[in-house]
Amino acid sequence: MRRINLRTMAKINLSLDVVGTRPDGYHDLRMVMQSVRLSDQVTVSPTRAPGVRMKTNLRYLPADQTNLAARAAALVMEECGIRDGVFINLEKHIPVAAGLAGGSSDAAAVLVAMNLLFGLRLPQEKLREMGKRLGADIPFCVMRGTALAEGIGEILTPLPALPDCRILIAKPDIHVSTKAVFEALHMTADIRHPDTDAQVQAAQNRDLAGVCSLCGNVLESVTEVRYPVISRIKSFMQQQGALVSMMSGSGPSVFGIYDDDRKAEAARDALARGTDASFVCLTRPYNRRTEIYD
Ligand SMILES: C[C@](O)(CO)[C@H](O)COP(=O)(O)OP(=O)(O)OC[C@H]1O[C@@H](n2ccc(N)nc2=O)[C@H](O)[C@@H]1O
Ligand SMILES: Nc1ncnc2c1ncn2[C@@H]1O[C@H](COP(=O)(O)OP(=O)(O)OP(=O)(O)O)[C@@H](O)[C@H]1O
């Protein structure tokens, strides 16, 4: 029987600005987002029994109807009147609750997989709209590549591919709630807003050094202050020759961008030997956009 097997790409935020608050507590954002070659693997198979069942290799991750991957499948089934069931096998490699959109990328892949499996031919716009209902990062994870994201994250303007580089990602062993970080931002006095328009221009010019010099994330003013380990990892990456080092999303992961392979590998090895990061990975930008009709 046909089944769909997809890789789901993590993201980093090359910039993240909060430009407004909405009545529902969500925030209006302006972000430059980048997919990276750090991925989970999602396989979706049809089943005769109705409903969604799933399995994952991580014992501590719920493999029930609360998992974002299962919720994405259930949403498509409800919206498109699908009576058959599906089985999802989720192989996690992206660290959980890391600020890397792990769950969002799984959900996005399931939306695409359902579209292919049941021959729905839903356009990408529709998948992104459905994704938004489940989480603000999902529309970008449906699109992938490099993009300016506005609104709550769902208004996407594609940008040219980031020039090739090495991206070092390190996650300290701490848990950060995205909701709590956004809420705490209102109590923070010292917020430095990134110049998103200038960074978009640098991205348009495919100017890696320019993009890096314009990175900024207002959520650092909350998470980095609470967790000094984030500053330590950032400084370490910088000392090891990163063009820039910054927190991704609401944290706690930190990334460093390198244009020199040897420096990037040395920094990875040193971080992996140390105790500040429980997850370390050296990766590259992922620049292919999603093929909806593969
Ligand atoms: C921080 C980012 O990762 C940056 O890419 C995203 O904005 C968060 O995306 P996400 O985890 O998919 O977000 P959701 O699951 O939709 O929301 C989690 C929580 O983050 C806050 N949230 C999220 C997105 C947004 N534009 N404004 C917000 O205030 C809300 O309090 C929400 O309850
Ligand atoms: N498929 C999934 N993968 C990871 N986490 C999931 C998944 N489904 C539900 N979750 C729950 O979602 C929460 C956030 O996990 P996730 O890895 O998506 O965070 P994140 O990378 O910080 O997301 P973002 O960057 O979009 O804010 C976790 O507490 C986890 O229990």
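From which domains does the shell around ligand 1 draw at least three residues each? Domain 1 (4-158) and domain 2 (166-283) each supply at least three. The model is predicted, and the stops below go from the domains to their contact and then to the ligand.

**Stop 1: the two domains.** Select 4-158 and colour it as domain 1, then select 166-283 and colour it as domain 2; these are the two ranges that the domain assignment gives for the protein. If you place a marker at the C-alpha centre of each domain, the two markers will be 23 Å apart.

**Stop 2: the contact between them.** Here 20 residues of domain 1 meet 30 residues of domain 2. Stay on the domain 1 side and show β1, β2 and β5 (146-150), the elements that each give two or more residues to the side touching domain 2. Of these, β1 provides the largest share, with seven residues. Colour this side of domain 1 by class: twelve residues are nonpolar, five are polar and three are charged.

**Stop 3: ligand 1.** Centre the view on ligand 1 and display the 19 residues that surround it. Label Gly 135, Ala 136, Asp 137, Ile 152 and Gly 249, which are the closest. Next, highlight β1 (4-21), β2 (27-47) and α5 (178-184), since each of these elements gives two or more residues to the shell. Coloured by class, the shell shows nine polar, eight nonpolar and two charged residues.

**Stop 4: both sites together.** Keep β1 and β2 selected. Both strands give two or more residues to the shell around ligand 1, and both also do so for the side of domain 1 that touches domain 2.

Notes:
Residues numbered from 1 in each chain as written. Chains lettered and ligands numbered in written order. Predicted model: local features only at pLDDT ≥ 70, side-chain atom pairs only at ≥ 80, totals over all residues. Near = placed C-beta within 6 Å. Helix = DSSP H or I, 4+ residues; strand = E, 2+ residues; numbered from the N terminus. Nonpolar A, V, L, I, M, F, W, Y, C, P; charged D, E, K, R; others polar. Domains from an automatic or database assignment. Contact = placed C-beta atoms within 7 Å.
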